[in-house]
Amino acid sequence: METVLTTHLADDRYRRIDGYRGSGGYEALRKAVSMPRESIVEEVRKANLRGRGGAGFPAGVKWGFLPKDFSRPRVLVVNADEGEPGTFKDRLILTRGPHLLVEGIAITCYALAIHSAYIYIRGEYVLEARILEEAVAEAYAAGFLGKDLLGSGFDLDVTVHRGAGAYICGEETSTINSLEGKRGWPRLKPPFPASVGAFGLPTLVNNVETLADVPWIVANGGERFAALGCEKNGGTRLVGVSGPVERPGVYELPANVNLRDVIYDIAGGLRGGKPLKAVIPGGSSTPVLRAEEIDVTFDIESMAKIGTMAGTSGVIVIPEGTCMVRALSVLMNFYAHESCGQCSPCREGTGWLRKITGRIEAGEGRPGDVELILDLCDNMMGRTICALADAAAMPAQSFIWKFREEFDRHIAERKCPFGNSF
Amino acid sequence: MSVVFSEAARAEFERLLSRYPDRRAVILPALHLAQREFGYLSDEAILYVAELTGASPAEIEGVATFYTMYNRKPVGKYHLQICRNLSCSLLGAERLIGHVSEKLGIRPGETTPDGRFTLSVVECLGSCGTAPVMQVNDDYHENLTVESVDAVLDKLRSEE
């Protein structure tokens with residue numbers, strides 16, 4: 001299989017600029033600055049590159065939302081906040097191939113006439129931020145960033161900006177508020193970031209992996225990138241597999257890979273040959289699948305067809321023997337902790353979901369609690385500024401729909417049938 | 001007690017200021033810097049960052065308390081942060097938290113009387129493929145077992 005990213009992620013050799021350049025790094029930027037700007041955008045559009053941050057929005061279309069007039073300076077915000085539980089793919093790019101990202105940023109900014117870029121990296125990634133800072137400094141020194149990059153007359157400044165521990169800051173308007181020095185509260189839209197974003201300026205927010213794909217697209221052409229994937233999903237994706245599998249990790253895979261193959265062939269199946277119980281396919285917010293549902297193509301549209309999402313392609317593998325109420329309770333603790341508190345359906349809803357799942361798990365659930373959870377979910381979804389409420393409600397609903405009997409048993413037996421542990 | 005940046009921190013702060021079109025944007029980096037300089041964000045540190053950035057102390061307080069990584073209270077020399085999210089839990093994070101808690105004689109959220117260790121239970125650290133994971137100050141320790149976490153703690157204890 002042809003790969004887009006793995007070539008530069010295989011080991012630490014490509015972390016420094018010499019290693020990266022030694023394998024063709026920054027040649028795409030050199031090519032880009034000799035191309036008309038519009039044709040770079042056109043290649044990305046032809047590539048069918050879908051945003052890799054979880055929502056899967058077509059990157060070329062998003063780029064097209066920036067205003068057509070250049071009267072106001074524009075900003076690129078790189079979303080390196082990677083916070084969705086089960087997701088750890090961008091960390092691999094940041095540690096192994098930071099120059100893939102830096103080159104992607106340079107090309108994107110050149111194509112869209114953006115002169116300042118901020119990489120918003122989650123605060124816990126201290127080592128990753130340091131590696132990225134080094135890469136940015138190396139790129140400045142080599143003339144790939146800064147004034148008159150590669151003699152093109154184009155200026156670009158890139159700044160690494162650390163977050164400070166808040167899941168919500170991965171939501172793009174929250175990222176922007178956090179970058180501006182505020183609490184990470186999402187903004188009501190419109191106005192959309194493309195017209196009023198960071199510092200009041202037109203702003204593009206793209207995920208790390210999305211931008212890291214750009215150099216390959218420019219080097220090899222959008223059509224070739226599109227052909228690596230399947231219809232509507234161009235290229236490859238970094239898939240992270242976690243949980244008790246033989247070979248957890250990040251794998252670059254074509255969009256049309258089968259989810260069962262990801263778990264059993266690529267990740268080696270469950271440790272000790274344990275049977276599979278459930279799979280959360282695309283990060284903790286995506287609806288859970290039962291073991292018998294995983295024979296499905298792992299692309300955005302196929303996953304939507306079975307009522308879930310490819311999301312961030314962070315696959316969490318849950319073995320037989322796991323208490324699903326306990327698993328949901330862990331997730332509900334997370335969302336209640338991370339709700340920013342701005343909208344009451346989310347602030348109150350996530351708190352109640354935590355409380356009710358917690359009491360069911362503790363053997364203190366009451367008859368009607370399951371219906372209460374479903375009712376709460378109905379009152380949370382689509383009623384808030386951002387998607388965090390939906391992100392909490394989707395696992396809650398799907399765990400109940402798919403594993404209802406476990407919830408009922410907890411309530412009827414007044415204890416956890418699994419002995420309260422993982 | 002008033003606090004003030006060292007010369008190096010002051011220079012770093014000035015460098016940061018030059019990177020943003022708006023002085024307020026330096027608030028998060030300035031709070032990181034203040035925490036590194038002063039160990040934690042005391043009331044005095046909050047006032048100091050407010051003065052430096054031109055924001056009100058209430059605004060700085062609001063930001064500092066919104067984000068989990070800013071400590072408004074002193075933490076131990078080693079801040080042990082164990083992830084309890086799903087991928088880590090599936091691989092024994094709860095057992096690990098219980099073990100560390102017992103070994104150090106403190107519950108999550110507490111600091112050992114000698115001020116060496118603070119134990120925190122945290123949400124996803126983005127290291128699910130190498131779960132379970134514990135962050136000690138800036139560093140990640142991955143693929144942990146009860147034995148390897150003991151080795152980490154023993155090593156930290158011997159470093160004085």
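Q: Before we look at the interface, what does buried area mean here?
A: Buried area is the accessible area (1.4 Å probe) that two parts lose on being put together, summed over both. This is a predicted model, in which local features need pLDDT of at least 70 and side-chain atom pairs count only at pLDDT 80 or more, while totals for chains, interfaces and linings use all residues. Residues are numbered from 1 along each chain as its sequence is written, chains are lettered from A, and side-chain values use heavy atoms, with hydrogens and water left out.

Q: Great, so how much area do chain B and chain A bury between them?
A: About 3,700 Å², with 59% of it on carbon and sulfur atoms.

Q: And how many residues of each chain are in contact?
A: On chain B there are 37, and they touch 58 residues of chain A. Contact means heavy atoms within 4.5 Å.

Q: How many residue pairs are in polar contact between chain B and chain A?
A: The count is 19, with both residues at pLDDT 80 or more. A polar contact is a pair of N or O atoms within 3.5 Å; within protein, one must be able to donate a hydrogen and the other to accept it, and residues adjacent in sequence count only if both atoms are side-chain atoms.

Q: Which elements of chain B give two or more residues to the side that touches chain A?
A: Those are helix H2 (27–38), helix H4 (57–66) and helix H5 (86–90) of chain B. Helices are DSSP runs (H or I, at least four residues), numbered from the N terminus.

Q: How many salt bridges does the rule find across that interface?
A: It finds 3. The rule asks for a side-chain nitrogen of Lys or Arg within 4 Å of a carboxyl oxygen of Asp or Glu. One salt bridge between the chains joins B:Glu94 and A:Arg326, at 3.0 Å from N to O.

Q: Which other residue does A:Arg326 meet in a salt bridge?
A: A:Glu361, at 3.4 Å from N to O. A:Arg326 sits in helix H13 (residues 324–338) of chain A and A:Glu361 in helix H14 (residues 344–361) of chain A, 35 residues apart.

Q: Are A:Arg326 and A:Glu361 buried or exposed?
A: Both are buried. That means under 20% relative accessible area, with exposed being over 50% and partly exposed in between (1.4 Å probe, protein chains only).

Q: Switching to the rest of the model, how many salt bridges are there over all chains?
A: There are 42. Among them, A:Glu138 pairs with A:Arg16, their closest N and O atoms being 2.8 Å apart. A:Glu138 lies in helix H7 (residues 126–141) of chain A and A:Arg16 in the segment before helix H1 (17–22) of chain A, so the pair ties together parts that are 122 residues apart in sequence. A:Glu138 is buried at 16% relative accessibility, whereas A:Arg16 is partly exposed at 46%.

Q: Which residues are linked in a network of salt bridges?
A: A:Arg52, A:Lys89, A:Asp90, A:Glu209 and A:Asp213.

Q: Now helix H6 of chain A: why is it described as largely enclosed?
A: Because 15 of its 15 residues are buried. The helix covers residues 98–112, and its end C-alpha atoms are 21 Å apart, which agrees with the 21 Å expected at 1.5 Å a residue. The expected span is 1.5 Å times one less than the number of residues.

Q: What comes just after H6(A)?
A: A:Ala113, which takes a positive phi of about 55°.
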